[in-house]
Each structure stands twice: as C-alpha cells, then as structure tokens.
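User: I am new to this structure and would like to understand the reasons behind the terms used to describe it. May I put some questions to you?

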2 protein chains.
Amino acid sequence: MQQLLNHIKNYSLLSDEAQYALYDCFEQVVLSKNEYLLTEGKICRHLYFLEQGALRGFYNLDGKEITHWFGFEKDFVTSFHSFITQEPAVENIQLLEGSILWSISKDTLSALFNRYHEIERLVRIAYEKYYIRLEERFVNAQFKNATERYQGLLQQTPHIIERVPLGHIASYLGISQETLSRIRSRF
Amino acid sequence: MQQLLNHIKNYSLLSDEAQYALYDCFEQVVLSKNEYLLTEGKICRHLYFLEQGALRGFYNLDGKEITHWFGFEKDFVTSFHSFITQEPAVENIQLLEGSILWSISKDTLSALFNRYHEIERLVRIAYEKYYIRLEERFVNAQFKNATERYQGLLQQTPHIIERVPLGHIASYLGISQETLSRIRSRF
DNA sequence: TTTAGTTTTTGATGAATGTCAAAAATGCCA
DNA sequence: TGGCATTTTTGACATTCATCAAAAACTAAA
C-alpha cells in the first residue's frame, strides 16, 4: 500500500488527509497464477493497483485468445471500457504470476472525487499519461511493421519479453507466433 | 460558443458560474481550408473546440503524410501529446474545410481547474470518453484487416467518407490508397 | 467549354505475414 | 531422472496488402 501512495506522487502530490482517505479505501487482493480478476460478460466494478506480479487482458475472437495488454508492478489496471461505462466486459483479465493488488470500487472512488478535488485531479492527470501511452501503441499498431513493433518492444518494455510467454507477446504485437519466432531468429 | 456549452452537457452538468467562466475563457478562431492550426516542432499550447468544419492531424514519415485522426463538429482537438507534455509536436493539424473553432490556452484551463472542481471533473470525464474511443481504434488497427477496418468506418463514422478525400482516409485506416480503392469496388 | 491539376481506379508484380503441420526445445513434477 | 505437457521453432504454401506505373474520372478555373 505504501508503494501505491509513493507511486501516485508521480502524478500529483496529495495532502495527508487525502492520502489517508485513499489508504482507507483500498483493499488488498491476493491472487495466484492463472486466476481471473475479471471474466468476459461481467461488469467491472473495480480499479486495481498492481503492487507485485503480472497479468494480461485478452478477449476471444474466432476461438483464439487475443492478448491486447499486460499489467505489471505499479500499473493501474481494470477493464477500462467496462469500468467507465458499467457495461459487461468484453475482455478477461488473467494473472500471469501470483500477484498482490489493491482494489477500489467505482462507487468508492466517485465518493472520493466528491470529497477531494485533489484526488479527482490526480486521476485526471493519470488519464493523461495513460492516454499518451495508448496513443503511442496505436501509432505502432497502425503504421509499423512486425519487425519494427518487436524492436520497439525490446527497447521500450524489455521486461515484457522476460516475463511473458511468446504466444502472448505475439498476440500483443498483433502478429502470429510463427512470425514472431522468425523475427527473433534474425537477431 | 453556445454549441460548446451545450455539447459539454453530455459530459457533466456545470453550474451557471462555471459555465460563465468557460464562456469568458474561450476565444473564437476562424480559419480557412488548408491553413494550419499547428505545425510540427511547435509546442501546442491550446485546446480547441471545433464548432464548424473539419480538420486532420498528420505527421511526416519517409516523405509521406500519415493522417492519423480527423476532427469534426463538436470535437475537442489538440495535439494531445504536445499539449499535455508541452514538448514540440510531432504532428501537424490542417484544416480540411473552412472552420470555426474556440480556443483555450493550457494555462487558462489550469487556472479554471483550480477555481472550479466541476470543470476539472468535466475534463476528467471527457478524457474517459476519448480514451475509450482511442482504445477501439487501437483494437481495430491491431487486430482487424483492411476490409474490416473500412466497413467499421462505414458503420461508425460514415460522415468521414463523405467529407474527406480517399487518400487521407486510406492513411487513417493504415492502408494504401490503391487497396482502399479496390476494397470499395467490391461493394 | 477547354484545359490543367488533382483524385481515384486499374493492372502487374513482389514483399510481408498468416496458416497449417510437424519437429525441436523447454519446463515441470512425480 | 524420466516422461509428459507446453512452448517455441521450422518448413511449405496461401493470402493479404504495398508498390509502381499508367489510365480514367473528377474538379475547378480561365
């Protein structure tokens, strides 16, 4: 939990009071490898902070699992679309490693927004960072080829390669596992 | 300007006081076709609301212009990365039609955030919507083929096809103009 | 209208990547 | 330390899409 409070200082500084309120509202969740944080069709009512571990978001398409994002230490994770709209999730969130998370419900978070302008500001700023990150992934997906995407991954988030099976990574990069294997053999 | 105040009601409702403050802080900008709202290398210091008209964001890659987004009536537009980070923009924003915009500087907006929690909330909610929109485009880019992307465009944003030259649309969809032409001939 | 510029389409070809099937390598645990 | 399951690699072939070049269609101004 201390890690969470520490991490959010990167977004904006909170008063002691607001920090304490946060401290009070997050609950610890411990899950083991392969368990699910969320399954398709359920409404995602929580936002999580990943203190330790790794997980992936994926959905099913024509019988195949499409992994479209990963979460690691210090990431906020949720099924964003479902969390925001409160519609059923189209995706699953599955643990890749045993993990420690901190959870807050949407309702609790909304209540915190009402009480603390500074917490809503923090989230507004967090959104900006996550938006920029997604924008970059979008440009990669749309305008770079398989090799460039893999090299970008190597440079920008090498930890992914070290901790995740190649099948998931291929999916994450939007290429087939075989193609990824061939690209890797050329280095 | 009334259109702007009306539009933001879709995000959240503002007090009269906050609405008046907004009214006070936006300035009208009128530009004609082909003019630039922003050019590569400049820092983007403003957020714009597009009341009437159309524009595109594009960047240069290997001598080609890559159009990666369009703006139309009721869109908030800016070079998001540059506006948030205050680093030089990598993209250009060019008018596709003569347009009427309303502009607010980052500093002015920040001051409004400080004075009105409810305005920061409005922007937080707007970010959520824009994030979800981008997420959808990302999934399309990464996991759908050219034909599916074009059909998605037809269904979800047909107005784009009616108002934008096909060359820009092809780029927006991440395919060559020739391929787009062939896809279109198959309907 | 005519003409010049721009946009869109068509054709031929090649490169990048996907798919299916099988082999090889790796990991895990009894 | 085997043996089984999973993950990764390799090979053959098919498909999608890009590229280059040229023709056709469209647009707008003289």
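Analyst: Let us begin with B:Q86, which sits in the loop between helix 3 and strand 7 (92-95) of chain B. Please bear in mind throughout that this is a predicted model.

User: Why is B:Q86 called exposed?

Analyst: A residue counts as exposed if 12 or fewer other C-beta atoms lie within 10 Å of its own. B:Q86 has 11 C-beta neighbours inside 10 Å, and therefore it counts as exposed.

User: What is the phi of B:Q86?

Analyst: The phi of B:Q86 is positive, about 60°, although the residue is not a glycine.

User: Where is A:N34 placed, and is A:N34 buried or exposed?

Analyst: A:N34 lies in the loop between strand 1 (27-31) and strand 2 (36-38) of chain A. The cut-off for an exposed residue is 12 or fewer other C-beta atoms within 10 Å. A:N34 has 10 such neighbours inside 10 Å, so it counts as exposed. Its phi is near 75°, a positive value in a residue other than glycine.

User: What makes a residue one of those around DNA strand C, and which come nearest?

Analyst: The criterion is a C-beta atom, placed from the backbone, within 6 Å of the strand. There are 16 residues around DNA strand C, and A:N145, A:A146, A:T179, B:L166 and B:S181 come nearest. Helix 9 of chain B gives the largest share of this surface, six residues. By class, the surface near DNA strand C has four nonpolar, eight polar and four charged residues.

User: Which residues come nearest to DNA strand D?

Analyst: Of the 16 residues around DNA strand D, the nearest are A:L166, A:S181, B:N145, B:A146 and B:T179. Here the largest share of the surface, six residues, comes from helix 9 of chain A. The surface near DNA strand D is made up of four nonpolar, eight polar and four charged residues.

User: How many residues does each chain bring to the contact between chain A and chain B?

Analyst: Two residues are in contact if their C-beta atoms lie within 7 Å. The contact takes 25 residues from chain A and 25 residues from chain B. On the side of chain B that touches chain A, strand 5 (64-71), helix 3 (80-85) and helix 5 (117-143) each supply at least two residues. Helix 5 of chain B gives the largest share of that side, 17 residues. The classes on that side of chain B are 14 nonpolar, five polar and six charged residues.

Technical notes:
Residues are numbered from 1 along each chain as its sequence is written. Chains are lettered from A and ligands numbered from 1 in the order in which they are written. This is a predicted model: local features need pLDDT of at least 70, side-chain atom pairs count only at pLDDT 80 or more; totals for chains, interfaces and linings use all residues. Helices (H or I, at least four residues) and strands (E, at least two) are DSSP runs, numbered from the N terminus. Ala, Val, Leu, Ile, Met, Phe, Trp, Tyr, Cys and Pro count as nonpolar, Asp, Glu, Lys and Arg as charged, and the others, Gly among them, as polar. A residue is buried if 20 or more other C-beta atoms lie within 10 Å of its own, exposed if 12 or fewer, and partly exposed in between; C-beta atoms are placed from the backbone.
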